[in-house]
Amino acid sequence: MDCHSPGQGLMPASFKVRTVPLDGDDSATEEVLDPDFGEAAIGRVAPVDSGLWWIILLRAYGKCSGDLSVQERVDVQTGIKMILRLCIADGFDMFPTLLVTDGSCMIDRRMGIHGHPLEIQALFYSALLCAREMLTPEDGSADLIRALNNRLVALSFHIREYYWIDMRKLNEIYRYKTEEYSYDAVNKFNIYPDQISPWLVEWMPNKGGYLIGNLQPAHMDFRFFSLGNLWAVVGGLATTDQSHAILDLIEAKWADLVTDMPFKICYPALEGQEWQIITGCDPKNTPWSYHNGGSWPTLLWQLTVACIKMNRPEIAAKAVSVAEKRISRDKWPEYYDTKKARFIGKQSRLFQTWSIAGYLVAKLLLADPNAAKILTTEEDSELVNAFSCMISANPRRKRGPKSLKQTYIV
(Lines give C-alpha, C1' and ligand atoms only; values in the text may rest on other atoms or scores of the structure.)
Protein backbone atom coordinates (compact mmCIF):
# COMPACT_ATOMS: atom_id res chain seq x y z
CA MET A 1 0.00 0.00 0.00
CA ASP A 2 1.35 3.45 -0.90
CA CYS A 3 4.45 1.81 -2.42
CA HIS A 4 5.19 -0.07 0.83
CA SER A 5 5.50 -3.87 0.97
CA PRO A 6 4.55 -6.04 3.97
CA GLY A 7 7.08 -8.29 5.68
CA GLN A 8 7.50 -11.79 4.32
CA GLY A 9 5.32 -14.23 6.24
CA LEU A 10 2.22 -12.05 6.45
CA MET A 11 -0.87 -14.15 5.77
CA PRO A 12 -3.72 -12.53 3.79
CA ALA A 13 -7.00 -11.87 5.54
CA SER A 14 -8.99 -13.07 2.53
CA PHE A 15 -8.83 -14.03 -1.13
CA LYS A 16 -10.94 -13.10 -4.10
CA VAL A 17 -11.29 -15.36 -7.12
CA ARG A 18 -10.73 -13.48 -10.36
CA THR A 19 -11.24 -14.85 -13.89
CA VAL A 20 -8.61 -13.77 -16.41
CA PRO A 21 -8.06 -14.71 -20.10
CA LEU A 22 -5.20 -17.04 -20.90
CA ASP A 23 -2.23 -15.55 -22.72
CA GLY A 24 -2.62 -15.86 -26.45
CA ASP A 25 -6.17 -17.24 -26.28
CA ASP A 26 -9.00 -14.82 -25.56
CA SER A 27 -11.61 -17.60 -25.58
CA ALA A 28 -9.98 -19.53 -22.74
CA THR A 29 -9.89 -18.28 -19.14
CA GLU A 30 -8.40 -19.31 -15.83
CA GLU A 31 -9.17 -18.47 -12.23
CA VAL A 32 -6.53 -16.73 -10.11
CA LEU A 33 -6.49 -15.75 -6.46
CA ASP A 34 -6.12 -12.11 -5.42
CA PRO A 35 -4.91 -12.00 -1.80
CA ASP A 36 -5.83 -9.07 0.45
CA PHE A 37 -3.07 -8.20 2.92
CA GLY A 38 -5.08 -5.29 4.25
CA GLU A 39 -4.95 -3.07 1.16
CA ALA A 40 -8.72 -3.42 0.71
CA ALA A 41 -9.65 -3.74 4.40
CA ILE A 42 -11.66 -1.13 6.28
CA GLY A 43 -8.98 1.02 7.88
CA ARG A 44 -6.26 -0.67 5.77
CA VAL A 45 -5.06 -2.83 8.68
CA ALA A 46 -3.08 -5.98 7.95
CA PRO A 47 -4.22 -9.14 9.79
CA VAL A 48 -1.82 -10.52 12.38
CA ASP A 49 -3.99 -13.42 13.53
CA SER A 50 -4.53 -15.19 10.18
CA GLY A 51 -0.97 -16.57 10.02
CA LEU A 52 -1.18 -17.76 13.63
CA TRP A 53 -4.53 -19.49 12.98
CA TRP A 54 -3.01 -21.11 9.86
CA ILE A 55 -0.30 -22.80 11.95
CA ILE A 56 -2.79 -23.89 14.64
CA LEU A 57 -5.23 -25.37 12.11
CA LEU A 58 -2.43 -27.00 10.09
CA ARG A 59 -1.48 -28.99 13.19
CA ALA A 60 -5.15 -29.76 13.89
CA TYR A 61 -5.55 -31.12 10.35
CA GLY A 62 -2.58 -33.46 10.83
CA LYS A 63 -3.88 -34.64 14.20
CA CYS A 64 -7.39 -35.21 12.86
CA SER A 65 -6.54 -36.89 9.54
CA GLY A 66 -3.27 -38.56 10.40
CA ASP A 67 -1.92 -37.10 7.15
CA LEU A 68 1.35 -35.39 8.01
CA SER A 69 2.47 -35.11 4.41
CA VAL A 70 0.96 -31.63 4.06
CA GLN A 71 2.85 -30.09 6.98
CA GLU A 72 6.05 -31.84 5.85
CA ARG A 73 5.98 -30.33 2.37
CA VAL A 74 8.87 -28.01 1.65
CA ASP A 75 6.66 -25.05 0.73
CA VAL A 76 4.52 -25.51 3.87
CA GLN A 77 7.60 -25.78 6.10
CA THR A 78 8.88 -22.59 4.43
CA GLY A 79 5.55 -20.89 5.20
CA ILE A 80 5.75 -21.85 8.88
CA LYS A 81 9.31 -20.49 9.14
CA MET A 82 8.41 -17.24 7.39
CA ILE A 83 5.53 -16.59 9.79
CA LEU A 84 7.73 -17.41 12.79
CA ARG A 85 10.59 -15.20 11.65
CA LEU A 86 8.22 -12.30 11.13
CA CYS A 87 6.77 -12.75 14.64
CA ILE A 88 10.05 -13.42 16.47
CA ALA A 89 12.07 -10.69 14.72
CA ASP A 90 13.87 -8.31 17.08
CA GLY A 91 12.70 -4.72 17.21
CA PHE A 92 12.48 -1.77 19.55
CA ASP A 93 9.87 -3.45 21.76
CA MET A 94 11.15 -4.60 25.17
CA PHE A 95 8.38 -7.12 25.86
CA PRO A 96 8.11 -10.78 24.70
CA THR A 97 4.53 -10.11 23.63
CA LEU A 98 3.71 -9.36 19.99
CA LEU A 99 3.33 -5.62 19.25
CA VAL A 100 0.45 -4.99 16.83
CA THR A 101 -1.81 -2.19 15.64
CA ASP A 102 -5.48 -1.72 16.48
CA GLY A 103 -7.86 -3.89 14.45
CA SER A 104 -5.33 -6.61 13.59
CA CYS A 105 -7.37 -9.58 14.85
CA MET A 106 -11.00 -10.74 15.21
CA ILE A 107 -11.82 -7.29 16.61
CA ASP A 108 -10.91 -5.69 13.31
CA ARG A 109 -12.17 -2.17 13.99
CA ARG A 110 -10.77 0.55 16.20
CA MET A 111 -11.40 -0.53 19.80
CA GLY A 112 -8.29 0.63 21.63
CA ILE A 113 -6.58 -2.79 21.50
CA HIS A 114 -3.37 -1.60 19.83
CA GLY A 115 -0.16 -2.57 21.57
CA HIS A 116 -0.13 -6.07 23.06
CA PRO A 117 -3.73 -7.39 22.93
CA LEU A 118 -4.37 -10.64 24.79
CA GLU A 119 -6.01 -12.38 21.82
CA ILE A 120 -2.87 -12.08 19.70
CA GLN A 121 -0.63 -13.24 22.56
CA ALA A 122 -2.78 -16.34 23.19
CA LEU A 123 -2.77 -17.26 19.49
CA PHE A 124 0.95 -16.45 19.25
CA TYR A 125 1.79 -18.77 22.14
CA SER A 126 -0.41 -21.55 20.73
CA ALA A 127 1.12 -21.14 17.25
CA LEU A 128 4.65 -21.34 18.68
CA LEU A 129 3.85 -24.64 20.41
CA CYS A 130 2.18 -26.02 17.28
CA ALA A 131 5.04 -24.90 15.02
CA ARG A 132 7.64 -26.48 17.30
CA GLU A 133 5.75 -29.74 17.01
CA MET A 134 5.58 -29.59 13.20
CA LEU A 135 8.98 -28.19 12.20
CA THR A 136 11.14 -30.87 10.58
CA PRO A 137 14.63 -31.23 12.10
CA GLU A 138 17.24 -29.76 9.80
CA ASP A 139 20.26 -27.49 10.01
CA GLY A 140 18.30 -24.39 9.04
CA SER A 141 15.74 -24.89 11.83
CA ALA A 142 18.09 -25.09 14.83
CA ASP A 143 18.42 -21.34 15.45
CA LEU A 144 14.71 -20.80 14.86
CA ILE A 145 13.72 -23.53 17.34
CA ARG A 146 16.13 -22.09 19.92
CA ALA A 147 14.60 -18.62 19.52
CA LEU A 148 11.12 -20.17 19.63
CA ASN A 149 11.83 -21.95 22.94
CA ASN A 150 13.25 -18.80 24.50
CA ARG A 151 10.19 -16.83 23.42
CA LEU A 152 7.79 -19.46 24.82
CA VAL A 153 9.35 -19.22 28.28
CA ALA A 154 9.44 -15.42 28.34
CA LEU A 155 5.94 -15.04 26.88
CA SER A 156 4.32 -17.49 29.30
CA PHE A 157 5.96 -15.80 32.29
CA HIS A 158 5.01 -12.30 31.10
CA ILE A 159 1.33 -13.09 30.49
CA ARG A 160 0.79 -15.24 33.57
CA GLU A 161 2.53 -12.81 35.88
CA TYR A 162 1.49 -9.39 34.56
CA TYR A 163 -1.81 -9.94 32.71
CA TRP A 164 -3.50 -11.99 35.43
CA ILE A 165 -6.03 -10.31 37.67
CA ASP A 166 -8.26 -11.52 40.50
CA MET A 167 -9.37 -10.01 43.81
CA ARG A 168 -5.95 -10.51 45.38
CA LYS A 169 -4.10 -8.96 42.43
CA LEU A 170 -6.63 -6.13 42.15
CA ASN A 171 -6.06 -5.22 45.78
CA GLU A 172 -2.32 -5.35 45.18
CA ILE A 173 -2.64 -2.90 42.25
CA TYR A 174 -4.85 -0.69 44.43
CA ARG A 175 -1.90 -0.32 46.82
CA TYR A 176 0.82 0.11 44.17
CA LYS A 177 3.62 2.61 44.71
CA THR A 178 4.50 4.55 41.56
CA GLU A 179 7.62 6.09 40.01
CA GLU A 180 9.80 3.11 41.03
CA TYR A 181 13.04 3.56 39.12
CA SER A 182 15.02 0.36 39.71
CA TYR A 183 15.58 -3.17 38.49
CA ASP A 184 13.62 -4.71 41.36
CA ALA A 185 10.53 -2.49 41.10
CA VAL A 186 7.26 -4.15 42.04
CA ASN A 187 5.17 -1.84 39.83
CA LYS A 188 7.28 -2.47 36.74
CA PHE A 189 4.97 -0.73 34.27
CA ASN A 190 4.24 2.30 36.46
CA ILE A 191 0.53 1.57 36.73
CA TYR A 192 -1.42 4.22 38.63
CA PRO A 193 -4.04 2.76 41.00
CA ASP A 194 -6.56 5.37 39.81
CA GLN A 195 -6.83 3.35 36.57
CA ILE A 196 -8.96 0.78 38.38
CA SER A 197 -12.45 1.50 37.06
CA PRO A 198 -15.51 1.54 39.36
CA TRP A 199 -17.19 -1.12 37.20
CA LEU A 200 -14.31 -3.54 37.86
CA VAL A 201 -14.44 -3.10 41.64
CA GLU A 202 -18.10 -4.13 41.61
CA TRP A 203 -17.77 -6.76 38.87
CA MET A 204 -14.82 -8.86 40.04
CA PRO A 205 -16.11 -11.97 41.86
CA ASN A 206 -14.45 -13.31 45.00
CA LYS A 207 -13.85 -16.63 43.23
CA GLY A 208 -12.33 -16.50 39.76
CA GLY A 209 -10.16 -14.24 37.67
CA TYR A 210 -9.08 -13.53 34.13
CA LEU A 211 -6.32 -12.22 31.88
CA ILE A 212 -6.68 -8.50 31.14
CA GLY A 213 -7.01 -7.29 27.58
CA ASN A 214 -3.77 -5.33 27.24
CA LEU A 215 -0.71 -4.13 29.11
CA GLN A 216 1.51 -1.20 28.20
CA PRO A 217 3.55 1.36 30.16
CA ALA A 218 1.20 3.20 32.56
CA HIS A 219 -1.83 1.43 31.08
CA MET A 220 -3.80 -1.71 31.89
CA ASP A 221 -6.87 -2.49 29.80
CA PHE A 222 -9.08 -4.22 32.37
CA ARG A 223 -11.76 -5.27 29.87
CA PHE A 224 -12.56 -9.00 29.62
CA PHE A 225 -11.85 -10.22 26.08
CA SER A 226 -13.41 -13.61 25.49
CA LEU A 227 -11.34 -15.12 22.68
CA GLY A 228 -8.03 -14.26 24.34
CA ASN A 229 -9.05 -15.79 27.67
CA LEU A 230 -10.62 -18.88 26.13
CA TRP A 231 -7.63 -19.54 23.87
CA ALA A 232 -5.22 -18.98 26.76
CA VAL A 233 -6.97 -21.98 28.35
CA VAL A 234 -6.98 -24.04 25.15
CA GLY A 235 -3.35 -23.34 24.26
CA GLY A 236 -1.97 -23.70 27.78
CA LEU A 237 -0.87 -20.09 28.12
CA ALA A 238 -2.85 -19.85 31.36
CA THR A 239 -1.79 -22.13 34.21
CA THR A 240 -4.15 -24.89 35.36
CA ASP A 241 -5.28 -22.80 38.33
CA GLN A 242 -5.76 -19.73 36.14
CA SER A 243 -7.71 -21.78 33.57
CA HIS A 244 -10.14 -23.00 36.22
CA ALA A 245 -10.42 -19.46 37.59
CA ILE A 246 -11.37 -18.14 34.13
CA LEU A 247 -14.17 -20.72 33.91
CA ASP A 248 -15.19 -19.86 37.49
CA LEU A 249 -15.50 -16.23 36.43
CA ILE A 250 -17.62 -17.18 33.40
CA GLU A 251 -19.98 -19.09 35.71
CA ALA A 252 -20.06 -16.24 38.23
CA LYS A 253 -20.75 -13.65 35.52
CA TRP A 254 -23.04 -15.80 33.38
CA ALA A 255 -25.70 -13.08 33.13
CA ASP A 256 -23.14 -10.67 31.65
CA LEU A 257 -21.04 -12.92 29.38
CA VAL A 258 -23.51 -15.57 28.17
CA THR A 259 -26.80 -13.67 28.55
CA ASP A 260 -29.52 -14.65 26.06
CA MET A 261 -27.06 -15.64 23.32
CA PRO A 262 -23.47 -16.79 23.88
CA PHE A 263 -20.90 -15.29 23.82
CA LYS A 264 -20.03 -11.68 24.65
CA ILE A 265 -16.94 -10.72 22.62
CA CYS A 266 -15.77 -8.31 25.33
CA TYR A 267 -17.06 -6.81 28.55
CA PRO A 268 -17.93 -4.07 29.26
CA ALA A 269 -18.70 -1.97 26.18
CA LEU A 270 -17.17 1.44 25.57
CA GLU A 271 -19.78 4.13 26.17
CA GLY A 272 -20.14 7.91 26.13
CA GLN A 273 -17.10 10.07 25.54
CA GLU A 274 -14.81 7.04 25.89
CA TRP A 275 -16.61 5.43 22.94
CA GLN A 276 -16.29 8.63 20.90
CA ILE A 277 -12.56 8.99 21.49
CA ILE A 278 -11.44 5.36 21.26
CA THR A 279 -13.63 4.15 18.37
CA GLY A 280 -13.61 7.46 16.48
CA CYS A 281 -17.44 7.63 16.79
CA ASP A 282 -17.70 4.38 14.81
CA PRO A 283 -21.46 4.03 14.05
CA LYS A 284 -21.15 0.24 13.66
CA ASN A 285 -19.42 -0.13 17.01
CA THR A 286 -22.01 1.57 19.19
CA PRO A 287 -22.20 0.28 22.79
CA TRP A 288 -23.26 -3.38 23.10
CA SER A 289 -23.12 -3.90 19.34
CA TYR A 290 -20.72 -5.63 16.95
CA HIS A 291 -17.18 -5.67 18.44
CA ASN A 292 -18.11 -3.24 21.21
CA GLY A 293 -19.73 -5.70 23.60
CA GLY A 294 -21.79 -7.58 21.00
CA SER A 295 -22.51 -11.31 21.32
CA TRP A 296 -21.01 -13.72 18.76
CA PRO A 297 -22.35 -17.30 18.46
CA THR A 298 -19.13 -18.41 16.73
CA LEU A 299 -17.35 -18.13 20.10
CA LEU A 300 -19.31 -21.18 21.27
CA TRP A 301 -16.74 -23.61 19.89
CA GLN A 302 -13.78 -21.94 21.62
CA LEU A 303 -15.73 -21.99 24.89
CA THR A 304 -16.48 -25.69 24.36
CA VAL A 305 -12.85 -26.64 23.69
CA ALA A 306 -11.73 -24.74 26.82
CA CYS A 307 -14.38 -26.40 28.99
CA ILE A 308 -13.61 -29.89 27.69
CA LYS A 309 -9.89 -29.40 28.28
CA MET A 310 -10.53 -28.49 31.92
CA ASN A 311 -13.04 -31.38 32.35
CA ARG A 312 -15.94 -28.99 32.84
CA PRO A 313 -18.07 -29.66 29.72
CA GLU A 314 -21.29 -28.91 31.57
CA ILE A 315 -20.53 -25.17 31.28
CA ALA A 316 -20.35 -25.38 27.49
CA ALA A 317 -23.41 -27.65 27.31
CA LYS A 318 -25.40 -25.07 29.26
CA ALA A 319 -24.27 -22.29 26.87
CA VAL A 320 -25.16 -24.39 23.81
CA SER A 321 -28.65 -25.03 25.22
CA VAL A 322 -29.09 -21.25 25.61
CA ALA A 323 -28.09 -20.68 21.97
CA GLU A 324 -30.40 -23.43 20.68
CA LYS A 325 -33.48 -21.60 21.88
CA ARG A 326 -33.09 -18.86 19.26
CA ILE A 327 -30.20 -19.19 16.84
CA SER A 328 -31.93 -21.33 14.19
CA ARG A 329 -35.15 -19.36 14.44
CA ASP A 330 -33.15 -16.14 14.05
CA LYS A 331 -31.56 -17.50 10.82
CA TRP A 332 -28.00 -17.87 12.17
CA PRO A 333 -26.99 -14.20 12.45
CA GLU A 334 -23.36 -13.12 12.69
CA TYR A 335 -23.79 -11.28 15.99
CA TYR A 336 -26.38 -9.98 18.46
CA ASP A 337 -26.86 -6.51 19.97
CA THR A 338 -27.80 -5.04 23.36
CA LYS A 339 -26.40 -5.85 26.78
CA LYS A 340 -28.55 -8.98 27.08
CA ALA A 341 -28.14 -9.98 23.41
CA ARG A 342 -31.89 -9.73 22.84
CA PHE A 343 -31.74 -8.20 19.34
CA ILE A 344 -30.21 -9.51 16.13
CA GLY A 345 -27.33 -7.18 15.24
CA LYS A 346 -28.42 -4.08 13.36
CA GLN A 347 -25.99 -4.86 10.50
CA SER A 348 -25.69 -8.57 11.19
CA ARG A 349 -25.68 -10.81 8.14
CA LEU A 350 -27.82 -13.94 8.29
CA PHE A 351 -26.91 -17.58 7.63
CA GLN A 352 -23.29 -16.86 8.54
CA THR A 353 -20.93 -19.79 7.99
CA TRP A 354 -18.99 -19.28 11.20
CA SER A 355 -22.13 -18.92 13.32
CA ILE A 356 -23.39 -22.24 11.98
CA ALA A 357 -19.94 -23.86 12.20
CA GLY A 358 -19.37 -22.62 15.74
CA TYR A 359 -22.59 -24.23 16.91
CA LEU A 360 -22.01 -27.49 15.02
CA VAL A 361 -18.44 -27.86 16.26
CA ALA A 362 -19.59 -27.22 19.84
CA LYS A 363 -22.30 -29.90 19.54
CA LEU A 364 -19.95 -32.44 17.96
CA LEU A 365 -17.22 -31.84 20.52
CA LEU A 366 -19.66 -32.30 23.40
CA ALA A 367 -20.71 -35.59 21.80
CA ASP A 368 -17.06 -36.66 21.33
CA PRO A 369 -14.85 -34.78 23.83
CA ASN A 370 -11.69 -36.66 22.74
CA ALA A 371 -11.84 -34.80 19.43
CA ALA A 372 -10.90 -31.58 21.24
CA LYS A 373 -7.34 -32.89 21.61
CA ILE A 374 -6.55 -31.89 18.02
CA LEU A 375 -6.79 -28.24 19.12
CA THR A 376 -5.42 -28.25 22.67
CA THR A 377 -1.74 -28.03 23.55
CA GLU A 378 0.02 -28.98 26.76
CA GLU A 379 3.20 -27.60 28.26
CA ASP A 380 6.28 -29.75 28.44
CA SER A 381 8.27 -30.18 31.65
CA GLU A 382 11.08 -27.88 30.45
CA LEU A 383 8.70 -24.94 30.07
CA VAL A 384 7.14 -25.58 33.49
CA ASN A 385 10.57 -25.75 35.16
CA ALA A 386 11.79 -22.60 33.42
CA PHE A 387 8.65 -20.74 34.45
CA SER A 388 9.04 -21.87 38.07
CA CYS A 389 12.63 -20.61 38.12
CA MET A 390 11.53 -17.21 36.78
CA ILE A 391 8.75 -16.96 39.38
CA SER A 392 11.15 -17.72 42.24
CA ALA A 393 13.60 -15.10 40.94
CA ASN A 394 10.93 -12.43 40.43
CA PRO A 395 11.29 -9.63 43.01
CA ARG A 396 7.51 -9.17 43.15
CA ARG A 397 7.29 -12.64 44.66
CA LYS A 398 10.51 -12.54 46.64
CA ARG A 399 11.61 -9.33 48.34
CA GLY A 400 14.73 -9.78 50.47
CA PRO A 401 16.35 -7.24 52.79
CA LYS A 402 17.73 -4.16 51.11
CA SER A 403 21.42 -4.22 50.38
CA LEU A 404 23.53 -1.80 52.40
CA LYS A 405 25.67 -1.16 49.34
CA GLN A 406 24.45 1.85 47.39
CA THR A 407 24.04 1.28 43.65
CA TYR A 408 23.62 3.69 40.77
CA ILE A 409 22.06 3.24 37.35
CA VAL A 410 24.20 4.97 34.72
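Reader: Which helices and strands each supply at least two residues of the lining of the largest pocket?

Author: In this predicted model, the lining of the largest pocket draws on both strands and helices, with at least two residues from each of the elements named here. The share of α14 is the largest, at 7 residues. The full set is β1 (14–22), β2 (25–36), α1 (49–65), α12 (300–309) and α14 (353–367).

Reader: Which residues lie nearest the centre of the largest pocket, and how much space lies in this pocket?

Author: The lining of the largest pocket comprises 49 residues, and those nearest its centre are A13, D49, M106, D108 and W354. By class, the lining divides into 28 nonpolar, 12 polar and 9 charged residues. The space in this pocket comes to about 1700 Å³.

Reader: What are the corresponding elements, classes and space for the second largest pocket?

Author: Helices α1, α3 (74–88) and α5 (142–163) each give at least two residues to the lining of the second largest pocket. That lining has 38 residues, with V48, L86, L98, L99 and V100 nearest the centre, and by class it holds 23 nonpolar, 10 polar and 5 charged residues. The space in the second largest pocket is about 1000 Å³.

Reader: Is L33 buried or exposed?

Author: L33 sits in strand β2, and together with F15 and V17 it forms a nonpolar patch on the surface, whose joint accessible area is about 320 Å². The relative accessible area of L33 is 56%, and since the term exposed applies over 50%, L33 is therefore exposed.

How values were computed:
Residues are numbered from 1 along each chain as its sequence is written. This is a predicted model: local features need pLDDT of at least 70, side-chain atom pairs count only at pLDDT 80 or more; totals for chains, interfaces and linings use all residues. Side-chain values use heavy atoms; hydrogens and water are left out. On a 1 Å grid over the protein atoms alone, a cavity is a set of points where a 1.4 Å probe fits but cannot get out, and a pocket is an open set with protein on both sides within 12 Å along at least five of seven lines; lining residues have an atom within 4 Å of a point. Grid points are joined across faces, edges and corners, and a volume is the space filled by probe spheres set on the points. Helices (H or I, at least four residues) and strands (E, at least two) are DSSP runs, numbered from the N terminus. Ala, Val, Leu, Ile, Met, Phe, Trp, Tyr, Cys and Pro count as nonpolar, Asp, Glu, Lys and Arg as charged, and the others, Gly among them, as polar. Patches are made of residues with over 30% relative accessible area and no salt bridge: like charges are joined within 9 Å, nonpolar side chains (Val, Leu, Ile, Met, Phe, Trp, Tyr) within 5 Å. Accessible areas come from the Shrake-Rupley method with a 1.4 Å probe; for residues, only the protein chains shown count as cover. A salt bridge is a side-chain nitrogen of Lys or Arg within 4 Å of a carboxyl oxygen of Asp or Glu. Buried means under 20% relative accessible area, exposed over 50%, partly exposed in between (1.4 Å probe, protein chains only).
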